[in-house]
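Trainee: Could you take me through one part of this model up close? I'd like to hear about the helix packing and whatever sits around it.

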Amino acid sequence: LHHDNKDALIQKLHELLDGKKGKLVAIVIKALENLSFVGGYQSRSILYNSMKKEFGEIGSSAGLNDFLNDNNKKITDKDLNQYIQILQNIK
């Protein structure tokens with residue numbers, strides 16, 4: 001994670017992701033990537049395993065990859081922008 005206040009970011013991510021799976025997790029990941037708060041991981045598998053360790057059951061790796069695929073149109077700009085706004089406001 002790349003953020004000036006990692007503790008606040010982690011706390012907000014727990015609020016958003018604890019007990020959530022699939023599409024919402026993918027939206028938050030895309031928002032984090034868009035804001036450059038996460039990156040530099042070697043593979044989606046490493047990212048998935050790290051997220052699962054921190055946030056518990058987040059859905060299947062294959063399902064998450066399906067949502068994260070750039071050709072996937074199941075995540076709208078409206079969905080993504082909502083979470084970008086939430087994450088941008090973390091101080």
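Mentor: Sure. Start with the salt bridges, and keep in mind that this is a predicted model. The count comes to four salt bridges. One that involves helix H1 joins the side chains of Glu15 and Lys12, with 3.0 Å from N to O. Those two residues are three apart in H1, which means about one helical turn separates Glu15 from Lys12.

Now for the packing itself. H1 covers residues 6–17, and its partner here is H3, residues 44–55. Their axes are 11 Å apart and cross at an angle of about 85 degrees, so H1 and H3 are roughly perpendicular to each other. On the H1 side, the contact uses Ile10, Leu13, His14 and Leu17, while H3 brings Met51, Glu54 and Phe55. Sorted by class, that H1–H3 contact has five nonpolar residues, one polar and one charged.

Before H3 there's a backbone detail to look at. Ser36 is in the loop between helix H2 (23–34) and H3. Most residues other than glycine have a negative phi. Ser36 isn't a glycine, yet its phi is positive, at about 60 degrees.

Last, the rings. If you go hunting for aromatic pairs, a search of the whole structure finds zero. There is a charge over a ring, though: Lys74 lies over the face of Phe67, 5.7 Å from the ring centre, and the cut-off for that distance is within 6 Å.

How values were computed:
Residues numbered from 1 in each chain as written. Predicted model: local features only at pLDDT ≥ 70, side-chain atom pairs only at ≥ 80, totals over all residues. Heavy atoms only, no water. Phe/Tyr/Trp six-rings, centres within 6.5 Å; stacked < 30°, edge-to-face > 60°. Lys NZ or Arg CZ within 6 Å of the ring centre and 35° of its normal. Axes fitted to C-alpha atoms, helices over the stretch in contact; angles between N-to-C directions. Helix = DSSP H or I, 4+ residues; strand = E, 2+ residues; numbered from the N terminus. Parallel < 35°, antiparallel > 145°, perpendicular 65-115°, else oblique. Contact = heavy atoms within 4.5 Å. Nonpolar A, V, L, I, M, F, W, Y, C, P; charged D, E, K, R; others polar.
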